[in-house]
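User: I'd like a close look at one small part of this model, starting from a single cysteine and working outwards. Here is what I have open.

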Amino acid sequence: MHEDIDSILFSEEDIANRIGQLGRAINADLAPYAESGERIVAICLLKGAAVYMTDIMRQLDLPIEMDFMCVSSYGNGTVSSGNVVIKKDIDVDIEGAHVLIVEDIIDSGYTLSCLRKKLEERNPASLDITALIRKQVDGQLDVGCKYVGFDCPNEFIVGYGLDYAQQYRNLPYIGVLKECVYE
Ligand code: PRP
């Protein structure tokens with residue numbers, strides 16, 4: 001597993017430090033809602049964001065619900081088409097709740113752009129997004145991500161939830177996959 005990694009972009013320590021900072025920012029923004037007894041719901045987008053979700057949630061020191069969603073965007077195989085299909089929906093009603101979408105990575109931006117529209121139709125009180133990684137990609141859609149962990153070059157990265165062929169999600173760091181693995 002580790003031998004397939006060309007270089008480490010974000011170490012375990014880098015990630016932990018950045019999640020601490022993001023957690024403090026999110027706590028500060030959500031605290032007024034919590035104090036006035038309003039519902040707050042964090043929605044994890046499976047599978048990639050599962051690792052980030054568990055770490056960011058433990059930084060949030062206020063009443064918050066967790067739910068999980070799985071979506072697929074069907075495109076030409078390499079670039080998302082923008083046609084997002086919900087494979088597993090959340091169980092809770094988000095009408096009137098403050099929603100935080102937790103995502104691992106923004107690539108083309110289509111997934112979050114479409115999902116934001118779908119969830120806004122359910123009339124949440126507010127909807128914000130946190131993504132650990134935002135790739136630097138030409139033509140990326142602006143999804144209005146309020147809490148970004150790291151901006152990252154357009155490399156083939158894996159680890160900390162990010163996969164190649166469903167592998168490498170359990171790496172504790174984020175690294176660049178060697179070309180020979182996928183060519
Ligand atoms: C990845 C990632 C985002 C999406 C980002 O999911 O988790 O949801 O792609 O790409 P976009 O900005 O171009 O839409 P993927 O479909 O690989 O599923 P996974 O989370 O199960 O790995």
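Let's zoom in on Cys44: what is its relative accessibility, and does that make it buried or exposed? Please carry on from there to whatever helps put it in context.

Analyst: Cys44 comes out at 0% relative accessibility, so it counts as buried (buried is under 20% relative accessible area, exposed is over 50%, and partly exposed is in between, using a 1.4 Å probe and protein chains only). Before going further, keep in mind that this is a predicted model: local features need pLDDT of at least 70 and side-chain atom pairs count only at pLDDT 80 or more, while totals for chains, interfaces and linings use all residues. Residues are numbered from 1 along each chain as its sequence is written, and side-chain values use heavy atoms, with hydrogens and water left out.

With a cysteine, bonding is the obvious thing to check. A disulfide is a covalent bond between the sulfur atoms of two cysteines. The search asks for a pair of cysteine sulfurs within 2.5 Å, and over the whole structure it finds zero of them. For Cys44, the closest cysteine sulfur belongs to Cys70, and at 9.5 Å that is too far for a bond. Cys180 makes a handy contrast: it is exposed, at 62% relative accessible area. Its closest cysteine sulfur is in Cys152, 19 Å away, so a bond is out of reach there too.

Now for the stretch around position 44. Strand S2 spans 40-46 (helices, H or I of at least four residues, and strands, E of at least two, are DSSP runs numbered from the N terminus). Right after it there's an oddity: the peptide bond from Leu46 to Lys47 is cis, with omega near 0°. Lys47 sits in the loop between S2 and helix H2 (50-57).

S2 also helps to cover helix H3 (110-120). The buried residues of H3 are Leu112, Ser113, Cys114, Leu115, Arg116 and Leu119. Besides S2, their cover includes strand S3 (65-73), strand S4 (84-88), S5 and strand S6 (126-135).

Two of those covering strands are worth a stop. In S3 you'll find Ser72, which counts as buried because its relative accessibility is 13%. Its side chain makes a polar contact with the side chain of Lys87 at 3.4 Å (that's a pair of N or O atoms within 3.5 Å; within protein, one must be able to donate a hydrogen and the other to accept it, and sequence-adjacent residues count only if both atoms are side-chain atoms). Setting aside residues up to four places away in sequence, Ser72 touches Asn83, Val84, Val85 and Lys87, where contact means heavy atoms within 4.5 Å.

Over in S6 there's Ala131, buried at 0%. Its C-alpha is 6.3 Å from that of Gly149, even though the two are 18 residues apart in sequence. Leaving out neighbours within four places, Ala131 is in contact with residues including Tyr52, Glu103, Asp104, Ile106 and Gly149.

Glu103 and Asp104 lead us to the ligand. Of the 15 residues around it, they come nearest, along with Ser108, Gly109 and Thr111 (a residue is near when one of its heavy atoms lies within 4 Å). Strand S5 (98-106) and H3 each supply at least two residues of this shell, and S5 gives the most, with four.

The polar side chains come in close. An N or O atom in the side chain of Thr111 is 2.4 Å from a ligand oxygen, and a polar side-chain atom of Ser108 lies 2.5 Å from a ligand oxygen. For Asp163 the corresponding distance is 3.3 Å. Taken alone, the ligand exposes 500 Å², and the protein buries 76% of that (Shrake-Rupley areas with a 1.4 Å probe; for residues, only the protein chains shown count as cover).

One last backbone note, from the loop between strand S8 (157-158) and strand S9 (174-177), where Tyr160 is found. Tyr160 has a positive phi of about 50° although it isn't a glycine, and it is buried at 6%. Gln166, in the loop between S8 and S9, also has a positive phi, about 70°, without being a glycine, but this one is partly exposed at 46%.
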